[in-house]
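Here's a quick walk through one protein model, from the whole chain down to a couple of single residues. Keep the viewer open as you read.

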Amino acid sequence: TGEDRVSSYIAYAKATWRGDLGTLPGSLKTGTEVTIWDLDFYQIDDEGTRIRYNWCLIDFLDLARQLGYQLLPKPALPEGIFYPPRTMDGIPAPISRLANPEDEIIAKEIIRSLLDWDFVLGTKPSPFWAQDMVWYGGTGFGMASSKEEYEEHILGPLRFGISDRHLELNVLSCKG
């Protein structure tokens, strides 16, 4: 997704493991096919000509898990896969000229309300999620395949474990 000066992507690559990576021993797993997850965020300068900021996250914990090293406690939810939207009823990364600017404003209001509810204000199930929602978390969290799983395994422990919650939102990017 992206706007005029920000863009974010989640991608994966398939690779054949060939050996050790830093302190992660992989020699015994040479030849194993792995999936490397990459999440990127870019902020472009005011002239729109250069990348001003890039944040990149490679899920090395999931890579280790694929090689047989469970570095975090195994979550109750399944780990290790991200699917595209189930309906495939839209463009995964909208083209700006095809997106309605009014939809962007409405979507940002909904997402801001959802984030505030889920992470700060909420004490009961979120009114924003459909019953059959799917939430993908990184290694150690897993994939919630329903609103109930998301509440029980993700939001419940978060709300219980953090008493003085607040959300500082630096960027909210939405297009189409």
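## Surface and burial

About 11900 Å² of the protein is exposed, and carbon and sulfur atoms supply 57% of that area. Of its 176 residues, 27% count as buried. Bear in mind that this is a predicted model.

## How confident is the prediction?

The mean pLDDT of the protein comes out at 84, with 90% of the residues reaching 70 or more. Compare the elements and you'll find the highest mean pLDDT in α3, at 93. The lowest, 85, belongs to strand β1, residues 6-16.

## Overall layout

You're looking at three helices and five strands. Start at the N terminus and the elements run β-β-β-α-α-β-β-α.

As for links along the chain, take the contacts with a separation of 6 or more: 54% of them come from residues 24 or more positions apart.

## Where α2 meets α3

Two packed helices are described by the angle between their axes and the distance between the axes. Here the pair is α2 (residues 101-121) and α3 (residues 147-161), whose axes come within 9 Å and cross at roughly 60°. That angle is why α2 counts as oblique to α3.

Which residues make the contact? On the α2 side they are Trp117, Asp118 and Phe119. Helix α3 brings Tyr150, Leu155, Leu158 and Arg159. Sorted by class, the contact has five nonpolar residues, two charged ones and no polar ones.

## Proline 25, in a loop

Proline 25 sits in the loop between β1 and β2 (33-44). Is it buried, partly exposed or exposed? Its relative accessibility is 39%, so proline 25 counts as partly exposed.

Leaving out residues up to four places away in sequence, proline 25 touches Asp20 and Tyr69. Leucine 67 is 42 residues away from proline 25 in sequence, yet their C-alpha atoms are 8.8 Å apart in space.

## Aspartate 59, between a strand and a helix

Another loop residue to click on is aspartate 59, found between β3 (51-58) and α1 (60-66). Which residues does aspartate 59 contact, leaving aside neighbours within four places in sequence? They are Trp37, Gly138 and Thr139.

You can also check a distance here: the C-alpha atoms of aspartate 59 and leucine 39 are separated by 8.4 Å, with their positions 20 residues apart along the chain.

Notes:
Residues numbered from 1 in each chain as written. Predicted model: local features only at pLDDT ≥ 70, side-chain atom pairs only at ≥ 80, totals over all residues. Heavy atoms only, no water. Helix = DSSP H or I, 4+ residues; strand = E, 2+ residues; numbered from the N terminus. Contact = heavy atoms within 4.5 Å. Axes fitted to C-alpha atoms, helices over the stretch in contact; angles between N-to-C directions. Parallel < 35°, antiparallel > 145°, perpendicular 65-115°, else oblique. Nonpolar A, V, L, I, M, F, W, Y, C, P; charged D, E, K, R; others polar. pLDDT = per-residue confidence, 0-100. Buried < 20%, exposed > 50% of the residue type's maximum accessible area, 1.4 Å probe, protein only. Areas by Shrake-Rupley, 256 points an atom, 1.4 Å probe, with all protein chains shown as cover.
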